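Hello,

Here is the structure you were expecting. Please look through it before reading my notes.

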Amino acid sequence: MSISTGKFPEYRPRRLRGSVALRALVRENELNARQLILPLFVRGGRNVRQAIGSMPGCFQLSIDQLIKEVASTIEAGVGAVLLFGIPEAKDEKASGAYAANGIVQKAVRALKKEFPELLVVTDVCLCEYMSHGHCGLVHAHGSGAIVKNDPTLKLLARTAASHAEAGADIVAPSDMMDGRVRAIREELDRRGLDQVPIMSYAVKFASAFYGPFREAAESAPKFGDRRSYQMDAANGNEAMREAALDVAEGADILMVKPALAYLDLIYRVKTEFGYPTAAYAVSAEYSMIKAAAEKGWIDEKAIVLESHLAMRRAGADILITYWAREIARWLRE
Ligand code: PBG
């Protein structure tokens, strides 16, 4: 039996669903380990492997432990990591973010030495290094925080360049200051790092889905919130203008973040610009599924594969996900 569609009476979708091989033949999208990037949190010390309570299976790692974690990540078939740093000390100008011997800079050097083939992406932001926890220089304003956009650009550019000098393969600014892609591009070029691409968090919303991350990276703002620089979840057209600016400023890869609640923007960004497009399945996307799986309410593997496939279907070429290792292993089974 086939269902007539009226318009295409001869079209019988079920003819293509008969067997595993037939379904595989006509499948439009798939997951592949080479598309995955695993975010990792690095901190000082030795032999530190500190569990992040709100993100089961994720840890703050000292560099020696990071190397072990990355070895098992590569072993699983994942070729790229995204580094976040937790510095020993924070201040009002985020000195740790651009210190030649900062935690991320040290971690990058150690990883590139140990695994020359590994793609090391670094998150470029100041919030983990600022005593107030904001992504740039700010002044308090009422109960909120107003960011000092332009003075922040120089610090971001220094941060990105110091990551690249340490050996980072891609720098990924997540701060959402206006003009930071151009400032970073110019500084990289000036220092002879013109081959290093920028993956910009082009479309980054002020999102409750970052909640668990702020425990992981110890970067919760001490006052106000990030609404004066991150985007309003209500705005799709504005997101496209943000992405267009980053394209004009020289971004090489465009990222949409969070992922599942913003599939429309993954689709629009990919369709409009045709750039390599990344989706970031953020911390709460991870924690929610983990929590429900722990309770036995859902099948974690099936849910994770389905939701990441949805990001691919929407147009994402690259998936930044805390499940990168598990997905790679599941794909091999
Ligand atoms: C830093 C940054 C954040 C995330 C990535 N980079 C937090 C924030 O903007 O508050 C969130 C990642 C996640 O939730 O997994 N600005």
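Below are my notes on the ligand site and the cysteines.

This is a predicted model, where local features need pLDDT of at least 70, side-chain atom pairs count only at pLDDT 80 or more, and totals for chains, interfaces and linings use all residues. Residues are numbered from 1 along each chain as its sequence is written, and side-chain values use heavy atoms, with hydrogens and water left out.

Ligand site

The ligand is surrounded by 18 residues; a residue counts if one of its heavy atoms lies within 4 Å of the ligand. The closest are K204, R214, K257, S283 and Y322. By class, the shell has 10 nonpolar, three polar and five charged residues. Here Ala, Val, Leu, Ile, Met, Phe, Trp, Tyr, Cys and Pro count as nonpolar, Asp, Glu, Lys and Arg as charged, and the others, Gly among them, as polar.

Three side chains deserve a look for polar contacts (pairs of N or O atoms within 3.5 Å). R214 places a polar side-chain atom 2.6 Å from a ligand oxygen. For Q230, the distance to a ligand oxygen is 2.8 Å. S174 has a polar side-chain atom 3.4 Å from a ligand nitrogen. Taken alone, the ligand exposes 400 Å², and the protein buries 100% of that (Shrake-Rupley method, 1.4 Å probe).

Cysteines

How many disulfides does the structure hold? Zero, with a disulfide taken as a pair of cysteine sulfur atoms within 2.5 Å. C125 has its closest cysteine sulfur in C135, but the two sulfurs are 3.6 Å apart, so they are too far for a bond. C125 is buried, with a relative accessible area of 2%. C135 is also buried, at 1%. Buried means under 20% relative accessible area (1.4 Å probe, protein chains only).

Best regards

Conventions
Polar contact = N/O pair within 3.5 Å; in protein donor to acceptor, adjacent residues only side chain to side chain. Buried < 20%, exposed > 50% of the residue type's maximum accessible area, 1.4 Å probe, protein only.
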